[in-house]
Amino acid sequence: MTLLAKLRCVTIDVTGTLMAYKGELGDYYCMAAKAAGQPCPDYKRMHEGFKLAYKDMAKNYPCFGYAAKMSNIIWWKTCVRDSFVRAGYVYDEETFEKIFRRIYASFGSSAPYSVFPDSQPFLRWLREQGIKVGIVSNAEYRYQDVILPALGLNEGSEWDFGVFSGLEGVEKPNPKIYEIALERAGNIPAEQTLHIGDSMRKDYEPAKSIGMHALLVDRFKTPEAEEWRKSGAVVLPDLFTVQEWLSSTESDY
């Protein structure tokens, strides 16, 4: 018997699993600064500044400010301003507003992202098998309403329901986000559900902890992937391989 025959639902991560970022963060910050008549900021300093600013915002205002009732745009404005300050760039309010608006619009469009070629066919194949497909992502509302549809991943044709941390107030690796997904699927039992992601800590372990099946996709030959395999995880290179594996008797583990 294949694992596929046992499944009624598959949940799947977004970034690193269905899509990836295009180019560098600095590309978008540079374009925005130049459009406001400012020189291009240093890419390395900008990248480091953003990493620190994002980490602080995620710690102080998790789930994109959900509990603090902070609007999405204010969360990102605070994060972007802090990113520039940490990188050594301070702008007057009018200039910063112009720069920020362009950055916010860019990351709310399909421009900075590319969908892996196997993503749409795989999601459609799952739904053709009569399996419910759910998106589970540490992301804000624009992923659901704007970004995924703009990338050709639509609710109703590629996926059935979404659980996004910015809309739920809970984020991976908290297992509760997976419990919400099971509820949203129509209270499908965990043992009839598979989660697919690219992180042992955020995807595999919390999904397994509530009784779901789980596997990892390693598209970028992550150095830790060998350790994941040694710990017993199924690790596959892409979604076409996942499709083959699910349809084979090897998947009956």
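## Exercises on rings, helices and odd backbone spots

In this model, the charged end of R219 sits over the ring of F116, 3.9 Å from the ring's centre. The model is predicted, so keep that in mind as you work through the exercises.

**Exercise 1. Find the ring over which the charged end of R142 sits, and give the distance to its centre.**

Solution. Start from the charged end of R142 and look for the ring below: that ring belongs to Y104. Then take the distance to the ring centre, which comes out at 3.8 Å. R219 and F116 give you another case of this arrangement, at 3.9 Å.

**Exercise 2. What kind of aromatic pair do F84 and Y91 form?**

Solution. Aromatic pairs number 17 in this structure. For F84 and Y91, the ring centres lie 5.2 Å apart and the planes make an angle of 80°. Planes over 60 degrees apart count as edge-to-face, and that is the label this pair gets. Next, check the surroundings: both F84 and Y91 are buried. Finally, step out to the wider network, where ring pairs join F84 and Y91 to Y29, F50, Y54, F64, W75 and W76 in a cluster.

**Exercise 3. Check the length of helix α2, then work out which side of the helix faces inward.**

Solution. Take length to begin with. Helix α2 covers residues 43-60, and at 1.5 Å a residue its 18 residues should span 26 Å; the end C-alpha atoms are 26 Å apart, so the two agree.

Now the burial pattern. M46, G49, F50, A53 and M57 are the buried residues of α2. Looking down the axis, you find them within an arc of 100°, so they line one face of the helix. On the other side, K44, K55 and K59 are exposed.

What does the buried set pack against? The partners are α1 (25-35), α3 (62-65) and α4 (72-87).

One last detail concerns the N-terminal end of α2, which is capped by D42: one of its side-chain oxygens is 3.2 Å from the backbone nitrogen of K44.

**Exercise 4. Do the length check for α4, and list its buried residues and packing partners.**

Solution. The 16 residues of α4 should span 22 Å at 1.5 Å a residue, and the end C-alpha atoms are 23 Å apart, which agrees. The buried residues are N72, W75, W76, K77, C79, V80, S83, F84 and A87. W75, W76 and F84 should ring a bell, as they are among the members of the aromatic cluster. The buried residues pack against α1, α2, α3, α5 (93-107) and α7 (141-150). After α4 comes G88, with a positive phi near 100°.

**Exercise 5. Which elements do the buried residues of α9 pack against?**

Solution. List the buried residues of helix α9 (residues 176-184): I177, Y178, I180, A181 and L182. Their packing partners include the strands β1 (9-12), β4 (132-137), β5 (161-164) and β6 (193-197). Helices α8 (165-168) and α10 (200-209) are partners too. Past α9 you meet G186, whose phi is positive, near 105°.

**Exercise 6. C63 and K221 are non-glycine residues with positive phi. Is each one buried or exposed?**

Solution. Place C63 in helix α3; its phi is about 55°. Its relative accessibility is 6%, so C63 counts as buried. K221 sits in the loop between β7 (213-217) and α11 (225-230), with a phi of about 50°. At a relative accessible area of 71%, K221 is exposed.

While you're on the backbone, look at the loop between α8 and α9, where P173 lies. The peptide bond from K172 to P173 is cis, with omega near 10°.

**Exercise 7. Which residues does A32 contact, leaving aside neighbours within four places in sequence?**

Solution. A32 is in helix α1, and at 1% relative accessibility it counts as buried. Its contacts are I99, R102 and I103. Also compare C-alpha positions: those of A32 and K98 are 7.8 Å apart, though 66 residues separate the two along the chain.

**Exercise 8. Is S199 buried or exposed?**

Solution. Locate S199 in the loop between β6 and α10. Its relative accessible area is 19%. The cut-off for buried is under 20%, so S199 counts as buried. Leaving out residues up to four places away in sequence, S199 touches Y204 and L216.

Conventions:
Residues are numbered from 1 along each chain as its sequence is written. This is a predicted model: local features need pLDDT of at least 70, side-chain atom pairs count only at pLDDT 80 or more; totals for chains, interfaces and linings use all residues. Side-chain values use heavy atoms; hydrogens and water are left out. Rings of Phe, Tyr and Trp (its six-membered ring) pair if their centres lie within 6.5 Å; planes under 30 degrees apart count as stacked, over 60 as edge-to-face and the rest as tilted. Buried means under 20% relative accessible area, exposed over 50%, partly exposed in between (1.4 Å probe, protein chains only). A charge sits over a ring if NZ of Lys or CZ of Arg is within 6 Å of the ring centre and within 35 degrees of the ring normal. Helices (H or I, at least four residues) and strands (E, at least two) are DSSP runs, numbered from the N terminus. The expected span of a helix is 1.5 Å times one less than its number of residues. The arc is that of the directions from the helix axis to the C-beta atoms. Contact means heavy atoms within 4.5 Å. A polar contact is a pair of N or O atoms within 3.5 Å; within protein, one must be able to donate a hydrogen and the other to accept it, and residues adjacent in sequence count only if both atoms are side-chain atoms.
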